[in-house]
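Student: I have just been handed this model and would like to learn how its features get their names. Could you take me through it?
Tutor: Gladly; let us look at it together.

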Amino acid sequence: MEITVPAKEMGVHEECGVIGIIGKKKQDVAREIYFGLFALQHRGQESAGIAVSYDGNKVAYYKNMGLVNEVFGEEELKLLPHSELGIGHVRYSTTGSSNVVNAQPVVFYGRYGRMALAHNGNIVNASEIKNKMIRAGHIYQSSVDSELVASLINEYSTQNVKEGIFKACKEFVGAFAIIVMEENRLIAVRDKYGLKPLVLGEKDGAYILASESCALDALEANFIRDIEPGEVIEIDTDGTVRSEHYDVPCRRSCIFEYVYLARSDSVIDGVSVYDSRYECGRALAKLYKIDADIVAGVPDSALVCARGYSDVSGIPYVEALSKNRYIGRTFIQPSQSMRESSVKIKLNAFRSNIKGKRLILIDDSIVRGTTSKKIIKLLRQSGAKEVHMLVASPIVQHPCYFGVDMQTKEQLIGAERNAQQICAEIGADSLHFIPLDALKSACGGNGCLCSACFDGDYPMEVACYGCDKTGLE
């Protein structure tokens with residue numbers, strides 16, 4: 001028994017993953033970035049790109065639509081010369097259309113020669129800044145924030161590029177982790193709230209910057225530390241590392257990284273993603289004691305949570321659903337309508353595991369509700385006697401404006417419904433959500449987390465998407 005779910009309905013999506021490598025000697029840096037991008041593939045499956053700096057002030061790059069292994073084969077990697085430094089990017093479009101012109105890194109010729117930039121996040125006031133820049137005579141090829149980021153940094157780089165980064169970042173409203181590649185230097189910056197993750201590692205004398213620590217693991221690199229909120233870190237090919245802050249840090253790391261976005265084997269701001277998800281499962285078991293035969297998780301990020309629930313409750317953990325991995329270019333389509341009509345991800349139920357059983361199904365979140373409804377229907381058709389759903393996050397009631405693909409209330413089943421109403425909508429026998437306090441506790445008990453999608457407490461004033469007013473409700 002199987003169901004097909006349009007790709008857009010399979011949970012929410014993060015915008016991008018970034019990586020940069022810089023060392024003292026020439027190496028096949030593009031190949032190292034390629035392996036790092038594999039580890040970041042979960043952060044973006046629509047396009048991938050790599051840019052390297054070589055022979056003084058030259059930049060070679062290649063980017064295209066598709067998964068990392070589709071975009072880069074041996075032939076494409078050989079086109080990129082050996083170098084001391086390079087940057088890479090994987091993208092999922094939450095802003096800007098899905099086509100190759102919007103793929104990153106953004107490569108440009110600026111005040112200080114050929115440069116490249118990779119950006120993760122969402123600049124909330126991008127339209128305002130872009131209109132100002134266009135009136136001043138700037139032109140743009142793409143519809144993504146990242147080209148605007150590069151343009152504004154270049155505009156303000158009157159003395160050096162770092163000056164441009166400092167001034168531009170003060171003007172940006174939103175979330176960002178940015179890596180800029182110069183001739184002999186990488187400069188990285190994390191927004192002052194730390195909404196987007198960024199880590200620093202080292203391997204054989206080379207420094208590595210990446211969205212998640214799992215990319216460092218893939219390269220067998222040593223983790224050094226997280227880049228701090230508001231920090232600008234500058235690394236030269238001679239190994240010199242300099243650090244400053246462009247603004248006073250005001251940490252509000254995205255809690256949804258722990259809920260869903262990050263890979264389970266990553267550590268973000270000192271907190272293990274695996275441990276946080278496991279603790280959510282334990283908390284759900286203590287809060288909600290349900291008379292059931294088996295417990296299972298929705299692949300992939302809820303599997304750890306389901307194991308935590310099983311360990312505390314004593315209810316046996318089973319595999320109830322199998323999710324096919326991303327395969328081929330059929331997943332990557334240049335328009336939203338094509339993705340929804342022709343791109344399918346298959347979910348298969350293990351009938352023998354669930355037939356005649358009272359099942360507790362754990363998911364990381366319910367955003368639109370369409371997937372939950374189809375999964376529950378599938379499980380019943382496959383013989384489940386009862387389906388009780390537990391969710392390892394609170395009800396998503398508010399949009400995210402910072403790079404997660406849930407930007408309007410119309411996309412959210414929980415915007416106008418309570419748990420009982422959502423339960424009826426998705427067809428579960430019962431439905432319970434973890435309280436926000438319990439989720440925060442599972443994420444290290446850190447009070448410096450952005451949980452605006454759950455409680456509406458945004459770290460900054462933002463312009464509401466889809467409306468003509470500024471500010472928050």
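Student: Which strands form the open sheet, and in what order?
Tutor: The order is β6-β7-β8-β9-β13-β14, six strands with antiparallel pairing. Strands are DSSP runs of E with at least two residues, helices are runs of H or I with at least four, and both are numbered from the N terminus. Before we go on, note that this is a predicted model, in which local features need pLDDT of at least 70 and side-chain atom pairs count only at pLDDT 80 or more, while totals for chains, interfaces and linings use all residues. Residues are numbered from 1 along each chain as its sequence is written, and side-chain values use heavy atoms, with hydrogens and water left out.

Student: What makes β6 and β14 edge strands?
Tutor: β6 (106-110) and β14 each pair on one side only.

Student: How do you know that β13 pairs with β9 and with β14?
Tutor: Two strands pair if DSSP finds at least two bridges between them. β13 has five bridges to β9 (residues 185-190) and five to β14 (residues 241-245), so both meet the requirement of at least two. Both pairings run antiparallel. You can find L186 opposite I235 on the β9 side, and E231 opposite H245 in β14.

Student: What is found between β13 and β14?
Tutor: Their hairpin has four residues between the strands. In this hairpin G239 has a positive phi, near 95 degrees.

Student: Why is β13 called largely enclosed?
Tutor: A residue is buried when its relative accessible area is under 20%, exposed when over 50%, and partly exposed in between, using a 1.4 Å probe and protein chains only. Six of the six residues of β13 (residues 231-236) are buried, so the rest of the structure largely encloses this strand.

Student: Which residues of β13 point which way?
Tutor: E231, I233 and I235 point one way, and V232, E234 and D236 point the other. This fits a general pattern: side chains in a regular strand alternate between the two faces of the sheet.

Student: How do you know which way α6 runs against β9?
Tutor: We fit lines to C-alpha atoms, for helices over the stretch in contact, and take angles from 0 to 180 degrees between N-to-C directions. The direction of α6 (residues 161-171) makes about 15 degrees with that of β9. α6 touches β7, β8, β9, β13 and β14, where contact means heavy atoms within 4.5 Å. Helix α5 (residues 145-156) lies across β6, β7 (113-123) and β8 (174-181), at about 125 degrees to β7.

Student: Why is L216 called buried?
Tutor: L216 has a relative accessible area of 1%, so it falls under the cut-off and counts as buried. L216 is in helix α7 (residues 213-218), and its contacts, leaving out residues up to four places away in sequence, are V199, L200, G201, I208, A221, N222 and F223. The C-alpha atoms of L216 and A39 are 8.6 Å apart, although 177 residues separate the two along the chain.

Student: What do the buried residues of α10 pack against?
Tutor: They pack against α9 (273-287), β18 (294-297), β21 (358-363) and β22 (386-391). In α10 (residues 303-313) the buried residues include L303, V304 and C305. After α10 comes G314, with a positive phi near 85 degrees.

Student: What makes a space a cavity, and how many are there?
Tutor: On a 1 Å grid over the protein atoms alone, a cavity is a set of points where a 1.4 Å probe fits but cannot get out; a pocket is an open set with protein on both sides within 12 Å along at least five of seven lines, and lining residues have an atom within 4 Å of a point. The structure holds three cavities of 30 Å³ or more. The largest has a volume of about 100 Å³, a volume being the space filled by probe spheres set on points joined across faces, edges and corners. Among its 13 lining residues, C254, C400, F402, C450 and C453 are the closest to its centre.

Student: Which residues of the second largest pocket are the closest to its centre?
Tutor: They are V106, V107, F108, E147 and A150, out of 19 lining residues. This pocket has a volume of about 360 Å³, and β4 (58-65), β6 and α5 each give two or more residues to its lining.
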